[in-house]
Amino acid sequence: MYIDGVFSGGGIKGLALVGAYEVIEQRGFQFARLAGTSAGSIIAALIAAGYTSREIAELLEELDLSTFLDERQLLIPFPLAKWFFLYWKLGLYKGEELEKWIEHKLAIKGLKTFADIHPQSLRFIASDITNGVLMILPDDLPKYGIDPQTFSIAKAIRMSCSLPYFFEPVILGNKSNKNVVVDGGVLSNFPMWLFDQENILKTRPVLGVKLSHNIKEHPKHKILNAIDLFTAMFETMKDAHDSRYISRKHEKNIIFVPTEGVLSTEFALTKEDQVKLMQLGRDCATKFFKTWAY
């Protein structure tokens, strides 16, 4: 049976999405359209390319996640180099290794640009902070004078994954018309609204996988210091739009995977902990399908 699927962002916690996808696959569901933000955009693209859950798990098992931490190097290194680049390049890591890895894995399956997939079958969310707008990729690329048919899918994913201050943002345009693009989770971490809209008859069921508690079960933020305040503000900022959209009507079509205790940027996660995250995704999806009535 064909369904539409949405995968949320969550950085390294996105490993849990793979486990959930395995259960979805075992249930016999196939995706006609896919959407995702940040880590969810990676999983959505790999699924669209034709990778099975087992193949995706194998890709990740053989991967050294620290490879993606590609710092810029100075000819004459000095202790504060990392923070120097953070100030001028706006991110600790370039993000180029992540893009290259995605580009290579998609190319194996014959995907390079959006011309290689069916229109509207794969979309990602990014944030244009120069203009203060949410970007739907590839739909909004013409607004920047870019032909979606020639635009790299891996580059679009890189845009959606550009966690502020962690990865350098992607720059669209030139010096006279520069647009700074960062992680889509800043504005919409779970774009289920792309497929499941009020007053519009759905063509097929829409299923989402969200790396968080159910809204009613979400723990309150404990704010005891400035760091807690920043964390709470950022989480509220990235979740407020989507939380307002998700009503009781939509909740029943979402697999919630609570991933507390793991940081989105924890790229030093052990293989054992990676396996645990995938199993968490499996467990939550298995529980969900016991009651899902699509």
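**Exercise 1. How are helix 1 and helix 3 oriented to each other: roughly parallel or roughly antiparallel?**

Solution. The structure is a predicted model.

- Step 1: Find the helices. Helix 3 covers residues 53-61.
- Step 2: Take the angle and the distance. Two packed helices are described by the angle between their axes and the distance between the axes. Helix 1 and helix 3 pack at about 160°, and their axes are 9 Å apart.
- Step 3: Apply the cut-off. Angles over 145 degrees count as roughly antiparallel. Helix 1 and helix 3 are therefore roughly antiparallel.
- Step 4: Add the hand. This crossing is left-handed.
- Step 5: List the residues in contact. Helix 1 brings Leu15, Val18, Tyr21, Glu22 and Glu25, while helix 3 brings Ser53, Ile56, Ala57 and Leu60.
- Step 6: Sort them by class. The contact of helix 1 with helix 3 has six nonpolar, one polar and two charged residues.

**Exercise 2. Describe how helix 1 meets helix 9.**

Solution.

- Step 1: Locate both. Helix 1 spans residues 15-26 and helix 9 spans residues 271-289.
- Step 2: Take the geometry. Their axes come within 6 Å and cross at roughly 40°. That makes helix 1 oblique to helix 9.
- Step 3: Add the hand. The crossing of helix 1 and helix 9 is right-handed.
- Step 4: Look at the residues. Those of helix 1 include Leu15, Gly19 and Val23. Among their counterparts in helix 9 are Leu277, Gly281 and Phe289.
- Step 5: Sort by class. The contact of helix 1 with helix 9 has nine nonpolar, four polar and two charged residues.

**Exercise 3. Decide whether helix 2 is enclosed, and say what follows it.**

Solution.

- Step 1: Count. Helix 2 covers residues 39-49, and ten of its eleven residues are buried.
- Step 2: Name some. Among the buried ones are Ala39, Ile42, Ile43, Leu46 and Ile47.
- Step 3: Conclude. With ten of eleven residues buried, helix 2 is largely enclosed by the rest of the structure.
- Step 4: Step past the end. Gly50 follows helix 2 and has a positive phi, near 110°.

**Exercise 4. Place Leu194 in the fold.**

Solution.

- Step 1: Find the segment. Leu194 lies in the loop between strand 8 (177-183) and strand 9 (206-210).
- Step 2: Check the cover. Buried means under 20% relative accessible area. Leu194 has 7%, so Leu194 is buried.
- Step 3: Find the partners. Beyond residues up to four places away in sequence, Leu194 touches Ala35, Arg123, Ile125 and Ile136.
- Step 4: Compare sequence and space. Leu194 and Gly36 are 158 residues apart along the chain, yet their C-alpha atoms are separated by 9.9 Å.
- Step 5: Look at the whole chain. Among contacts between residues at least 6 apart in sequence, 76% join residues at least 24 apart.

**Exercise 5. Pick out unusual backbone angles.**

Solution.

- Step 1: Recall the rule. Most residues other than glycine have a negative phi, and most peptide bonds are trans.
- Step 2: Check Gln120. Phi of Gln120 is positive, near 70°. Gln120 sits in the loop between helix 5 (96-108) and strand 4 (122-128). At 40% relative accessibility, Gln120 is partly exposed.
- Step 3: Check Tyr165. Tyr165 is not a glycine, but its phi is positive, about 75°. Tyr165 belongs to strand 6 (residues 165-167). Its relative accessible area is 56%, so Tyr165 is exposed.
- Step 4: Check the peptide bonds. The bond from Leu137 to Pro138 is cis, with omega near 10°. Pro138 is in the loop between strand 5 (133-137) and helix 6 (153-160).

Definitions and conventions. Residues numbered from 1 in each chain as written. Predicted model: local features only at pLDDT ≥ 70, side-chain atom pairs only at ≥ 80, totals over all residues. Heavy atoms only, no water. Contact = heavy atoms within 4.5 Å. Axes fitted to C-alpha atoms, helices over the stretch in contact; angles between N-to-C directions. Helix = DSSP H or I, 4+ residues; strand = E, 2+ residues; numbered from the N terminus. Parallel < 35°, antiparallel > 145°, perpendicular 65-115°, else oblique. Left-handed = near helix turned anticlockwise from the far one by under 90°. Nonpolar A, V, L, I, M, F, W, Y, C, P; charged D, E, K, R; others polar. Buried < 20%, exposed > 50% of the residue type's maximum accessible area, 1.4 Å probe, protein only.
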